[in-house]
Amino acid sequence: MAQLWGGRFTSNTDQEVYDFNASILFDKRLLTVDIAGSRAHVKMLAKQNILTDSDKDAILAGLDSIEEDVKNGKLVITSEYEDVHSFVEAVLTDRIGEPGKRLHTGRSRNDQVALDMRLYTRNRVAGTDSLIHTLLETILKTMEENVATYMPGFTHLQKAQPITLAHHYGAYFEMFRRDRSRLSDLFTRMNQCPLGAGALAGTTYPLDRAYSASLLGFDCPTRNSIDSVADRDYLLEYLFTLSTTMLHLSRFCEEIIIWNSNEYQFVELDDAFSTGSSIMPQKKNPDIAELVRGKTGRVYGALMSLLTTMKGLPLAYNKDMQEDKEVAFDAMDNADNCIHLFTGMIATMRFRKDRMAASAMNGFTNATDAADYLVGKGVAFRDAHKIIGELVLTCIDKGKSIEQMTLAELKEISNVFEEDLYEAVSLETCVEKRLTAGAPGKGVMNDYIKASSEYLASEKALVDPLFG
């Protein structure tokens, strides 16, 4: 058992207790950020004349060798060590001797853990933002190609009004754009360095916390040493943002699953993003979309788990907080993987534009426009609403759409109808005359696409200041 403590104890920890307490199996992924934090800490100690330059150089060389050997597989992180921090310090001391024992001067494992998790999370936030930026580029490309691809818009899963595929995709563009803004806000808010907070009350060593923060790419040190080690609200924010992003992905996937069904046939998924059936040879299943939808609950679970863990903890650090890592790592990995695979799926998806247009034509999505036509002829809207309701009922009885009705049949419903109704209720007219901000009309959509392109060009993906 490699431990960072023991002088206070007269016997060894029970093996089962040690295993229960250990975190090495999941926090070993923090190795890179742990070593980065130790490098900054050692440089600061030497700057403050707390360590000699020779000790600093020995420690830095030793840290470099550990990182390189782990990367190349020459050194394996094993359960012999309680956590990644004890692994680094123990191996370092084995390699360089006495200077390795000075690495931890002026530092607690509490602020070390807080730093590692913040550094790791900051890097993952930047990575998620980059994935969503790529997703938005893919959505925008589909919008550019489908400004005149007509389809039904839905409410209550019933056909409502005609829109375009570009307009529909634009709704998701806005959702994911807001997800990016949440990540950007979080990135700024969390970019404070807890190193130097000690266990909870700082230290008597003359540390230069601002210098340590600058070496690690933070804007400044944290302002309260207790808060530095006692909270994980930045991680909760990240999990909330991942949950919201997964919510948006899941809704999108649900629509793709519906569009891919035999009843709709709006889209055809690429073979690379589909699977077959072990017994039914005709099947082509939207498994990626279904799995993204399913994994959304898993990310939600991580958020609820950490909220529950933190809700009753007194200040400052408590061992309960070790439970932040496994669920958070799982959520980060699954969310990023889902964003990546979803992007590939929609980039290769083919649209049945004829089916989309036919569905809009046969679903009375132009009924509101027919009522507006009557209003334009002087009919009060409430009366127009009633007339068109009767017209739709007649169309259903005859098995026709509004535009398939003859003028004579239309006049049986209302003498106000004239030949110009047919142009007024065409899909193109219904869509193109909607020119209010945010509507699907071609002019509005082209302006929106141009503005969205400028946004993606100006709002580049976040970059981690330490790891790039």
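Me: Does Trp 259 count as buried or exposed, and what is its relative accessibility?

Reply: A residue counts as buried when its relative accessible area is under 20%. In this predicted model, Trp 259 has 2% relative accessibility and is therefore buried. Phe 266, with a value of 1%, counts as buried for the corresponding reason.

Me: How is a pair of aromatic rings to be described?

Reply: Two quantities describe such a pair, the distance of the centres and the angle of the planes. Here the count comes to 12 aromatic pairs. One of them joins Trp 259 and Phe 266: the ring centres lie 6.3 Å apart and the planes meet at 45°, so this pair is tilted.

Me: Which geometry is found for Tyr 264 and Phe 266?

Reply: Planes over 60 degrees apart count as edge-to-face. Tyr 264 and Phe 266 form a pair of that kind, with 85° between the planes and 5.3 Å from centre to centre.

Me: Which residues form one aromatic cluster?

Reply: The members are Tyr 169, Tyr 172, Phe 252, Phe 342 and Phe 351.

Me: Where does the charged end of Arg 122 sit?

Reply: The charged end of Arg 122 is placed over the ring of Phe 218, at 4.6 Å from the ring centre. Lys 47, in turn, lies over the face of Tyr 211, 5.1 Å from the centre of that ring.

Me: What can be read from the ends and the burial of helix 3?

Reply: The expected span follows from 1.5 Å a residue: the 17 residues of helix 3 (residues 31–47) should cover 24 Å, and the end C-alpha atoms are indeed 24 Å apart, so the two values agree. Of these 17 residues, 14 are buried, which means that helix 3 is largely enclosed by the rest of the structure. Asn 49, which follows helix 3, has a positive phi, near 60°.

Me: How many helices and strands does the protein chain have, and how spread out is it?

Reply: The secondary structure comprises 19 helices and six strands. The radius of gyration of the protein chain is 30 Å, whereas the globule rule gives 23 Å for 468 residues; the chain is therefore more spread out than a compact globule. Along the principal axes, its C-alpha trace spans about 100 × 50 × 40 Å.

Me: What do burial and contacts add for the protein chain?

Reply: Of the 468 residues, 49% count as buried. Among contacts between residues at least 6 apart in sequence, 76% join residues at least 24 apart. The protein chain exposes about 21,800 Å², of which carbon and sulfur atoms supply 52%.

Terms used:
Residues are numbered from 1 along each chain as its sequence is written. This is a predicted model: local features need pLDDT of at least 70, side-chain atom pairs count only at pLDDT 80 or more; totals for chains, interfaces and linings use all residues. Side-chain values use heavy atoms; hydrogens and water are left out. Rings of Phe, Tyr and Trp (its six-membered ring) pair if their centres lie within 6.5 Å; planes under 30 degrees apart count as stacked, over 60 as edge-to-face and the rest as tilted. Buried means under 20% relative accessible area, exposed over 50%, partly exposed in between (1.4 Å probe, protein chains only). A charge sits over a ring if NZ of Lys or CZ of Arg is within 6 Å of the ring centre and within 35 degrees of the ring normal. Helices (H or I, at least four residues) and strands (E, at least two) are DSSP runs, numbered from the N terminus. The radius of gyration is taken over C-alpha atoms; the globule rule is 2.2 Å times the number of residues to the power 0.38. Contact means heavy atoms within 4.5 Å. Accessible areas come from the Shrake-Rupley method with a 1.4 Å probe; for residues, only the protein chains shown count as cover. The expected span of a helix is 1.5 Å times one less than its number of residues.
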